[in-house]
Amino acid sequence: MLNLAILKNEAREVAKRQEARLQAAIDENRDLTEAEEAEDKEDSDKLARLTKQIQRGEALMSSSALIGADQPAPVAALAGSVPAQAKPALDNGGFRHLAEFANAVRLANPAAGQSYRIDDRLAAPSNVTTEGSDTTGSFLVPAEFRQEIVDLVFSDEMDPLISLIDPSPTASNRVMGLGDETTPWGTSGIQARWRVEAQQMTPSEMALTPRETKLNELYAFVLATEELLQDAPRTADLLTRKAGAAIRWKAADAFMWGDGNEKPLGFMESGALVTVAKETSQTADTIVPVNVAKMWSRVINPAQAVWLANSDIMPQVMAFESANGQMLWQANYRDAPGGTLLGRPIYFTEHAKTVGDLGDLTLFNPMGYEAFRKQNGVEFADSIHLYFDYNIRAFRWIFRIGGQPVLSTPVDPANGSNTKSHMVALAERA
């Protein structure tokens, strides 16, 4: 599964290395050394490859019929510059903000008495349409206000899990795929073989398993008082940012811990999870350098993996040293809020458990998790009649999101006996 978030993070890291190398030479009033020149050339080549991959990926997404309203902008080839997606102007139904729309809906209720009136902007079919009969009393919220919460749920500025997993948009509530858990060195699936001249070739077949990912319904149902609706800035904050944060939290938590019952199957609850046991003499509620070394050895493609951690572990991790005294943890706050461990970013998340529990530190390769979201984003409606006698407005957002790990079980390595997976966690250390 194409993951532009991973590619963009890699491009930023490479660009920052180049920038730091050049800045050091400028500060010392010198040219780059031969070793630095070689490193810079290697980074330039890598950045060029990443940029081309990102361009191809975004071009593919732009041309796909499954993509919704947002269209990605071309990727600039400048070092460290991976631009945000360009967003087209969206219809706001003629309303300046969500609170103004909410007040118009409130007055569209006949129970409003002398204040009752139908705003022309509500009556315009091209702007906002009613759902069902007048007795159901709801209006679809204009596209611009619906998109605001979509941007919040899938933005890079909040909890990193959804951004790393990057759910793909789809028009269906169920996505059928074909699972392939074979490896190039295994005995099943597509094989490559040597042969002597004139010898008959032995065919191999793809070992595919049909798999379905269901998009489950995730909603936020919010009540707001009439007094609050009269305060437009506060209304926009509570009805959009708070609802967006709540939906994002619930979706990300399911991607990590969901049991698959009317919700995504989380990678921590799947059969593909690899757990690394504590050391024999290891004290309870601790993490030691050998733990992270063993976790690193069990993950598939560690160059794509990130650490998901609870902040409780950092006092221990920041002191990690190798046998020869080299620091295993490095500060790199521009690209990774928690620095890097063994060269890979650490992301703090409240979905991680406290130190000593399973899930306090996880090495996760996002390429091993498949997730989807409904391409039309969100259904957002405001009720006319519900709770009118309480002087309260009701708002409802509905998303459809689904996901599951690519693997159903860990895979065997080409050599050795320790299985590998896209997700590796440290077992409980009670």
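The following exchange concerns a predicted model and asks what supports some of the terms applied to it.

User: Why is Arg-211 called buried?

Analyst: Arg-211 has a relative accessible area of 15%. Buried means under 20%, so Arg-211 is buried. The residue is found in strand E4, residues 209-214.

User: What makes the approach of the Arg-211 side chain to Pro-405 a polar contact?

Analyst: The side chain of Arg-211 reaches the backbone oxygen of Pro-405 at 2.9 Å. A polar contact is a pair of N or O atoms within 3.5 Å, one able to donate a hydrogen and the other to accept it. The distance of 2.9 Å therefore falls within the cut-off. The backbone oxygen of Val-406 also lies 2.9 Å from a polar atom of the Arg-211 side chain.

User: Which residues is Arg-211 in contact with, leaving aside its neighbours within four places in sequence?

Analyst: Among them are Val-175, Met-176, Glu-370 and Gln-404, along with Pro-405 and Val-406. Contact here means heavy atoms within 4.5 Å.

User: What makes helix H8 stand out in the lining of the second largest pocket?

Analyst: H8 gives the most to that lining, with 6 residues. The pocket holds about 260 Å³ of space. Of its 15 lining residues, the closest to the centre are Leu-218, Lys-250, Ala-254, Lys-263 and Pro-264. Strand E5 (216-225) and helix H8 (232-257) are the elements that give two or more residues to the lining.

User: How do the residues of that lining divide?

Analyst: They divide into 8 nonpolar, 2 polar and 5 charged. Leu, Ala and Pro count as nonpolar and Lys as charged, so Leu-218, Ala-254 and Pro-264 are nonpolar, while Lys-250 and Lys-263 are charged.

Terms used:
Residues are numbered from 1 along each chain as its sequence is written. This is a predicted model: local features need pLDDT of at least 70, side-chain atom pairs count only at pLDDT 80 or more; totals for chains, interfaces and linings use all residues. Side-chain values use heavy atoms; hydrogens and water are left out. On a 1 Å grid over the protein atoms alone, a cavity is a set of points where a 1.4 Å probe fits but cannot get out, and a pocket is an open set with protein on both sides within 12 Å along at least five of seven lines; lining residues have an atom within 4 Å of a point. Grid points are joined across faces, edges and corners, and a volume is the space filled by probe spheres set on the points. Helices (H or I, at least four residues) and strands (E, at least two) are DSSP runs, numbered from the N terminus. Buried means under 20% relative accessible area, exposed over 50%, partly exposed in between (1.4 Å probe, protein chains only).
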